[in-house]
Amino acid sequence: MPSEINDAALDYLLARAGLNLTAEQKAELKTVHAGLAAMAERVRKPRGRMAEPALGYGFNEGDLA
Amino acid sequence: MSDAIPTIAEAARQIAAKQLSPVELTRACLARIHALDGELHAFVHLTEERALADARAAERAIMAGGPKGRLHGIPIGLKDIVDTKGIPTTCGSKFLQDNIPDTDAACAEKLAAAGTVLVGKLTTHEFADGGPSFDLPAPPARNPWNTEHFTAGSSSGTGAAVAAGLILGGIGTDTGGSIRGPAALCGIAGIKPTYGLVSRAGVAPAAYSLDHIGPMAWTAEDCALMLQALAGHDPRDPASASRPIPNYTALLGSGIKGLKIGVIHHFHEVDHKVSEGTQRGITAALATFRDLGAELREVQLSPLQDWAACGSLISITERAAAYEEWSRTRLGDFSERMRSRLMLGAFVSGVDYVQAVRRRRELRAELQAAMAGLDAVLTATQPAEAAKIDAVPKWDLFEKPGFMMPFNIAGYPAVSVCAGFGAGGLPVAIQLAGKPFEEPTLFRVADAFEKATPFRSQRPAMTSVN
């Protein structure tokens, strides 16, 4: 995710999310985009395609019955 | 009865010895609520009549055959995101002002079965996120140590109510620190158990894979007594663990000589340097653990910023998914702070989310390796004493990283206990985390610390006015 976001990109993302924001809300959201972009960058590591995500749940005894 | 506010353990002993009546105990809590809650706003809904009826029923049963357990006749409260049959459950939101569930959440059901007396529903941030908010139907809870200050959240009412003795214990929920944070700032104990140990059935979600339910009380021992009633498999919760439930108080009082505690110094000294008061509390706590015979070891993990990024991306996305329908149709009905959090969901792509969940696996493996040979690890719970309630940044998510999220990401149990008082006489705390399902060891360490320090003998000044 690029750290800067322009109005067209913001409008596209908001439309995709189905969110209707006021001009003031959009302006505020733009100010925190860089922070979120930095987080997204931070979780990316050179780990290769075989590295799997954490599984949400394990199997319980009941699942195996 | 004495004016002193008993712990659950003390009250249980007195009730069993027929020296304390559950009705008197409940009346004392209600009297404190009527005296103090106008200022604290810890409760959003009182169940006074039911509480007195339940207390009378408990008293009759105890007089006839003794208590059925150590929670029998104990006044408690539930965070208002916990479904309660026939009792309003608003989640602190305009959306659910008229919501009256027709079933109890699993945790409410279990505490009722243990004989507790439900005094009411407790203030929460809207759907357990954001806050403090002043644009919700109910005002935010305030800190009993100084009502101009924040409680932290989102289990804000539970923290305030327990500290002020309005209840002896309560339920909180914790997605990135919502049990431990208010426990720390309100000077009480609170445990986020291992993921899956306590059923989430009937509790409003914040972020499914990070959500935990747990007890908050004056002491770690009281939390252990509550967890005993709460833990256990529940097929209604898809993440519920199927494990034997140990005796959570079995190791209390056995000392901690020889136990190995890892200290994650860089979390609170480098990655996010804590306040002087908090650092003093941590330094003194380490000396206490040494005096008690524990071995302290240095632990190095990935920077706190890595854990925060991973947890925030997961949390933002799962919350946006949970509340997507209302976000699309009634965004303006959320509080400003909750709305802001929901809006962030638009920025996180599916790939970002999966990368975060891949990072989660790596971080969890890192913690698992670091904890090999250790009984617990220690760091701060909160970076500083409670801020003024009107000075809490809206976008704190992007400020310095919190200390609690690592254990939500990993699913490991973590407890916060009071470690003294800092600036303005406000509480400071330490956080201890253990291996999965090793809550008995965590309680052993936390209880030994509380009993070796004087902090459990001091309640907020406002409680002595009555």
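# Exercises on a two-chain predicted model

Chain A has 30 residues in contact with 33 residues of chain B, where contact means that the C-beta atoms, placed from the backbone, lie within 7 Å. This is a predicted model: local features need pLDDT of at least 70 and side-chain atom pairs count only at pLDDT 80 or more, while totals for chains, interfaces and linings use all residues. Residues are numbered from 1 along each chain as its sequence is written, and chains are lettered from A and ligands numbered from 1 in the order in which they are written.

## Exercise 1. The side of chain A that touches chain B

Task: find which elements of chain A give two or more residues to the side that touches chain B.

Solution.

Step 1. Chain A holds 3 helices and 0 strands, in the order α-α-α from the N terminus. Helices (H or I, at least four residues) and strands (E, at least two) are DSSP runs, numbered from the N terminus.

Step 2. The elements sought are helix H1 (7-17), helix H2 (23-42) and helix H3 (61-64) of chain A. The largest share, 9 residues, comes from H2(A).

Step 3. By residue type, this side of chain A divides into 16 nonpolar, 8 polar and 6 charged. Here Ala, Val, Leu, Ile, Met, Phe, Trp, Tyr, Cys and Pro count as nonpolar, Asp, Glu, Lys and Arg as charged, and the others, Gly among them, as polar.

Step 4. Of the 65 residues in chain A, 15% are buried. A residue is buried if 20 or more other C-beta atoms lie within 10 Å of its own, exposed if 12 or fewer, and partly exposed in between, with C-beta atoms placed from the backbone.

## Exercise 2. The order of the sheet

Task: trace the open sheet of chain B and name its edge strands.

Solution.

Step 1. The sheet has 11 strands with mixed pairing, in the order S1-S3-S2-S4-S6-S5-S10-S11-S9-S7-S8. Two strands pair if DSSP finds at least two bridges between them.

Step 2. The edge strands are S1 and strand S8 (295-298) of chain B, each pairing on one side only. Neighbouring strands are turned by 30° against each other on average, direction ignored; the axes are lines fitted to C-alpha atoms, for helices over the stretch in contact, and angles run from 0 to 180 degrees between N-to-C directions.

Step 3. Take strand S3 (residues 117-122) of chain B, where 6 of 6 residues are buried. With strand S1 (residues 43-46), S3(B) pairs in the antiparallel sense over 3 bridges; B:Leu46 has B:Gly120 as its bridge partner.

Step 4. Strand S2 (residues 75-79) of chain B runs parallel to S3(B), joined by 5 bridges. B:Gly77 stands opposite B:Gly120. S2(B), helix H4 (residues 106-113) and S3(B) make a right-handed β-α-β unit: with the strands pointing away from the viewer, the path from the first strand over the helix to the second runs clockwise.

Step 5. S2(B) also runs parallel to S4(B), over 3 bridges. B:Leu78 has B:Ile171 as its bridge partner there.

Step 6. Strand S6 (residues 212-217) of chain B pairs in the antiparallel sense with strand S4 (residues 169-174) over 6 bridges and with strand S5 (residues 189-192) over 2 bridges. The bridge partners include B:Asp174 with B:His212 and B:Gly190 with B:Met216.

## Exercise 3. Buried or exposed?

Task: decide whether S6(B), helix H7 (residues 220-230) of chain B and B:Ala391 are buried or exposed.

Solution.

Step 1. In S6(B), 6 of the 6 residues are buried, so the strand is largely enclosed by the rest of the structure.

Step 2. In H7(B), 11 of the 11 residues are buried, so this helix is also largely enclosed. Among them are B:Glu221, B:Asp222 and B:Gln228. B:Gly232, which follows H7(B), has a positive phi, near 140°.

Step 3. B:Ala391 counts as exposed because it has 9 C-beta neighbours inside 10 Å. B:Ala391 sits in the loop between strand S9 (376-380) and helix H14 (405-410) of chain B. Its C-alpha atom is separated by 8.8 Å from that of B:Phe150, 241 residues apart along the chain.

## Exercise 4. The largest nonpolar core

Task: which residues have the most contacts inside the largest nonpolar core?

Solution.

Step 1. A nonpolar core is a set of buried Ala, Val, Leu, Ile, Met, Phe, Trp, Tyr and Cys residues joined through C-beta atoms within 7 Å. The largest has 157 residues, and B:Cys107 and B:Leu313 have the most contacts inside it.

Step 2. Helix H10 (residues 304-322) of chain B gives the most to this core, with 9 residues.

Step 3. Leaving aside neighbours within four places in sequence, B:Leu313 is in contact with A:Met39, A:Ala40 and A:Val43, and with B:Val348, B:Asp352, B:Tyr353 and B:Ala356.

Definitions and conventions
Contact = placed C-beta atoms within 7 Å.
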